[in-house]
Amino acid sequence: MTNDQMQAIRDDLAYMRALADEGRRTPLLGGSILIAAGLIYGAAALAHWAVITDVLAVGLAGLNVIWGVAVAAFFAALFVLKARLGGKPGAAAMNNKVSAAAWGGMGGASFAIALSLFAAVYKTGDWIFMGLFPPVIFALYGAAWIVGSALSDAPWMRWVAVASFGAAVASGLLIGTAEQYLVYAAAFFLLSVVPGIALTRQEPAEVV
């Protein structure tokens with residue numbers, strides 16, 4: 001290998017390191033989406049608890065309405081918020097692209113898991129399968145927060161990931177109980193809304 005080829009390789013490596021360093025300095029976007037998800041699904045989980053404990057007298061059929069409205073509301077909010085985020089400084093940075101892919105993958109996996117659990121309920125007639133959804137969701141949250149931590153200079157995200165895993169375990173221990181949905185709601189507020197606020201506060205006002 002010639003000296004010129006060696007120098008070209010060194011230049012390429014230096015360029016990739018510079019891109020990686022620049023990406024880590026670019027604040028992660030998407031906090032507003034996390035706030036919307038936490039508020040909407042947290043409220044739905046709280047309403048679910050109210051229904052199954054007869055605090056809210058709408059009957060169990062009302063659960064389908066509650067979660068159907070929640071899903072529709074979140075996707076409407078997602079459409080609007082993603083359009084806004086696309087024009088923000090740093091949206092094209094590599095760390096934000098990877099972060100968006102991680103959270104998007106988490107969302108797609110959540111939807112597929114929800115459908116598979118509904119299929120299990122339809123097959124067996126046992127609604128206990130839906131109690132598996134909260135633990136799985138927060139395990140996926142934890143994985144997404146670990147990716148976010150690796151993409152930024154925000155070590156606090158690792159603690160959010162650890163808390164998400166803890167919420168998954170706690171929710172699993174309470175499966176089949178009304179209290180599971182109180183934990184579900186609290187976890188959405190603490191692990192989605194609060195970190196989402198932290199992310200929005202660090203979003204750049206000018207070009208990065």
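Leaving aside its neighbours within four places in sequence, which residues is Phe165 in contact with? Let's keep that question in hand while we look at the model, which is a predicted one. The answer is a run of five names: Phe138, Ala139, Gly142, Ala143 and Ile146.

To place these contacts, start with the helices. Phe165 sits in helix H6, and its partners Phe138, Ala139, Gly142, Ala143 and Ile146 are among the H5 residues that meet H6. Along the chain, Phe165 and Phe138 are 27 residues apart, yet their C-alpha atoms are separated by 6.3 Å. Even with these contacts, Phe165 counts as partly exposed, because its relative accessible area of 33% falls between the 20% and 50% cut-offs.

Now widen the view to the whole helix pair. H5 covers residues 133-151 and H6 covers residues 156-173; they pack at an angle of about 170°, and their axes lie 8 Å apart. An angle over 145 degrees counts as roughly antiparallel, so H5 is roughly antiparallel to H6. On the H5 side the contact also includes Pro134, Tyr141 and Trp145, while H6 brings in Trp156, Met157 and Arg158, among others. By residue type, the contact of H5 with H6 divides into 15 nonpolar, 6 polar and 1 charged.

Next, turn to helix H4, residues 94-124. With 31 residues at 1.5 Å a residue, H4 should span 45 Å, and its end C-alpha atoms are indeed 45 Å apart, so the expected and modelled spans agree. Just after H4 comes Gly125, with a positive phi of about 75°.

Which residues of H4 are buried? They are Asn95, Asn96, Ser99, Trp103, Met106, Ser110, Ala114, Leu117 and Val121. When you look at how they are placed along the helix, it helps to remember that an α-helix has 3.6 residues a turn, so residues three or four places apart point the same way.

Ser99 is a good one to pick out in H4. Its relative accessibility is 7%, which is why Ser99 counts as buried. Beyond its neighbours within four places in sequence, Ser99 is in contact with Leu28 and Leu151, and the H5 range, residues 133-151, ends at that second partner's position.

Finally, a word on confidence. The protein chain has a mean pLDDT of 84, and 86% of its residues reach 70 or more. Residues 11-23 are another matter: pLDDT stays under 50 there, and the model has 2 contacts beyond four places in sequence for this stretch. Where pLDDT is low, the predicted coordinates should not be read in detail.

Note on methods. Residues are numbered from 1 along each chain as its sequence is written. This is a predicted model: local features need pLDDT of at least 70, side-chain atom pairs count only at pLDDT 80 or more; totals for chains, interfaces and linings use all residues. Side-chain values use heavy atoms; hydrogens and water are left out. Axes are lines fitted to C-alpha atoms, for helices over the stretch in contact, and angles run from 0 to 180 degrees between N-to-C directions. Helices (H or I, at least four residues) and strands (E, at least two) are DSSP runs, numbered from the N terminus. Angles under 35 degrees count as roughly parallel, over 145 as roughly antiparallel, 65 to 115 as roughly perpendicular and the rest as oblique. Contact means heavy atoms within 4.5 Å. Ala, Val, Leu, Ile, Met, Phe, Trp, Tyr, Cys and Pro count as nonpolar, Asp, Glu, Lys and Arg as charged, and the others, Gly among them, as polar. The expected span of a helix is 1.5 Å times one less than its number of residues. Buried means under 20% relative accessible area, exposed over 50%, partly exposed in between (1.4 Å probe, protein chains only). pLDDT is the predictor's confidence in each residue, from 0 to 100.
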